[in-house]
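This report describes the arrangement of a sheet, its helices and its nonpolar cores in a predicted model. The sequence and structure are shown first.

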Amino acid sequence: MLSGLKGSTLLRDARYNRGTAFNIEERRKLKLEGLLPPHVSTQDEQVQRCFMSLDGCHDDLERYVYMQGLSNRNQQLFFRVLEDRLIELMPIVYTPTVGLACQKFGHILRDTKGLYISLREKGRIREVLENWPNLDVRAIVVTDGERILGLGDLGTFGMGIPIGKLQLYTACAGIHPERLLPITVDVGTNNQSLLDDPLYTGLKHKRVRGEEYDELINEFVEAVKDKWGQETLIQWEDFANHNAGRLLCKYQDTCCTFNDDIQGTAAVTLGGILGSNRISGKKLRDHTILLAGAGEAGLGIANLTAMAIAEETGMSIEEARKSIFLVDSRGLITKDRPSGGITEEKSLFAHEHHKHIENLEEAVKDLKPSILIGVTAQPGMFTEEIIKDMAANHDAPLIFPLSNPTSKAECTAEDAYKWTKGKCIFASGSPFQPVELNGKTYVPGQGNNAYIFPGVALAIISTRARSVTDEMMFIAAKALCSTLTESDLNQGRIYPPLETIRNVSATIAAAVAEEVYREGLATVHPKPSNMLQFMIDMQYHTAYPVLSDLN
């Protein structure tokens, strides 16, 4: 288990180090005597010490630095602390704090995690993969740093995103951290402030695009398949719109891959809509849906929702699209729009309309949508007039400002509740605090992709699936909705409590795994007889295991 590690070398390896929790026999046989204080700590005592340190931090960025330092010292203790305080710490290791951490990544760097693959290694990527110490990698989250959250091009500073995503794989779904690998592909940055920053950690030149970029990405994909097999999951994260969709399309049929910004966002949004329907008694076909933002995330939501409407009603996918509308920077997307700018992907939702609509406010007045979804990264996009129009037209309009981090949300929870007089059903991408209004407390929903991608990944890894299909994402959305209890619905929740997310992920994984086997994509045989129990049994636990190779 310890691969011959002893002494100070063992204490520097976060995979196996347990610090002051090594017992007397372990200290003697592993040559740790004198290297640790005499008292043997329990893990509970270590957790309390960590909590005290966290409580003494002055701000969230300091808490982020502390948590990442802990993960570099003691992997199991890190996940125990994260799981014990998940509601408090998930916004620290991931959005919104990870956004600030990425902006300052080279300035707060204490140690490195993951792999960096740059243009310097072009032609030798397979060789670079050999430098990763964990032999059995099952899942990779990779970014090129060009569109980090709603913050833009952060280059290699964007490594905080793959790191944070994979930490949630473990904390939310129990995927073993040694099976996971964060990767940043460095092709340069167009962010001049980073190029001028002496502490920037990446290549200091403008981004390389075109054929050279595609060759590097393709070499990376083929190297992963050659090293760890086609069943190794590759999750694309925070690629710019001009690359995200086309890379997914290029590799979806030949790799085990998905894009969380496109498919994960779509699934968690659809799950929230389905959850709201369980409260209201409505069906998907009863809604008019308006999306502000027609990039890859917006199109992903539109496509998956259309798929769901078609399945619910039995209508064609073309007919199902007619209740979904998108607004981009040139206005409402319609057939023969005078301002143009309609790509092939957008054209699927370009409907006949009686007039050209130039902006979101006009679209809300004209279409009277019951659901308004924002993926623009433009704070304040959902104005008071827009929100009040939503409330005037519907008893319980759904308002989903999904852009991350919190500072990029299209409106705040407080404004949404205030302007609708508490009528709206609200969910955001990043967390907002509860809102007090007229003597009542409203708890905002959070349409966090962490409800989806860890469970999907658990299913794919556990079945060693050869690919990931859109149908699996649809099933994940339905499974997420199914985890809402009557108590949750009575409280107005459209997402289950975050405290239950490990069980939620297992439920999603079991449902997705059934689809993996149904589509003939699994390579683990025979098929487990009890899929939910199989997923639970696959989950990682943070208790220190008994060491078996001390002699």
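## Nonpolar cores

In this predicted model, the largest nonpolar core comprises 120 residues, and within it Val81 and Tyr169 are the residues with the most contacts. When residues up to four places away in sequence are not counted, Tyr169 touches Ala139, Val141, Gly174, Ile175, Leu180, Leu233, Gln235, Phe258, Phe453, Pro454 and Ala457.

Another core, of 33 residues, lies apart from the largest one, and Leu119, Val137, Phe220 and Ile234 are among its members.

## The five-stranded sheet

Five strands form an open sheet in the order S1-S3-S2-S4-S5, and their pairing is parallel. Strand S1 (115–118) and strand S5 (257–259) are the edge strands, each of them pairing on one side only, while the twist from one strand to the next averages 25°.

At the S1 edge, strand S1 and strand S3 (residues 180–186) run parallel and are joined by four bridges; Ser118 stands opposite Asp186, a residue of S3.

## Helices against the sheet

Two helices can be described in relation to these strands. Helix H13 (residues 241–251) lies across strand S4 (233–236) and S5, and runs at about 160° to S5. Helix H21 (residues 453–463) packs on the sheet, where it touches strand S2 (139–143) together with S3, S4 and S5, and the direction of H21 makes about 155° with that of S4.

Methods: Residues numbered from 1 in each chain as written. Predicted model: local features only at pLDDT ≥ 70, side-chain atom pairs only at ≥ 80, totals over all residues. Heavy atoms only, no water. Pairing = 2+ DSSP bridges. Axes fitted to C-alpha atoms, helices over the stretch in contact; angles between N-to-C directions. Contact = heavy atoms within 4.5 Å. Core = buried A, V, L, I, M, F, W, Y, C linked by side-chain atoms within 4.5 Å. Buried < 20%, exposed > 50% of the residue type's maximum accessible area, 1.4 Å probe, protein only.
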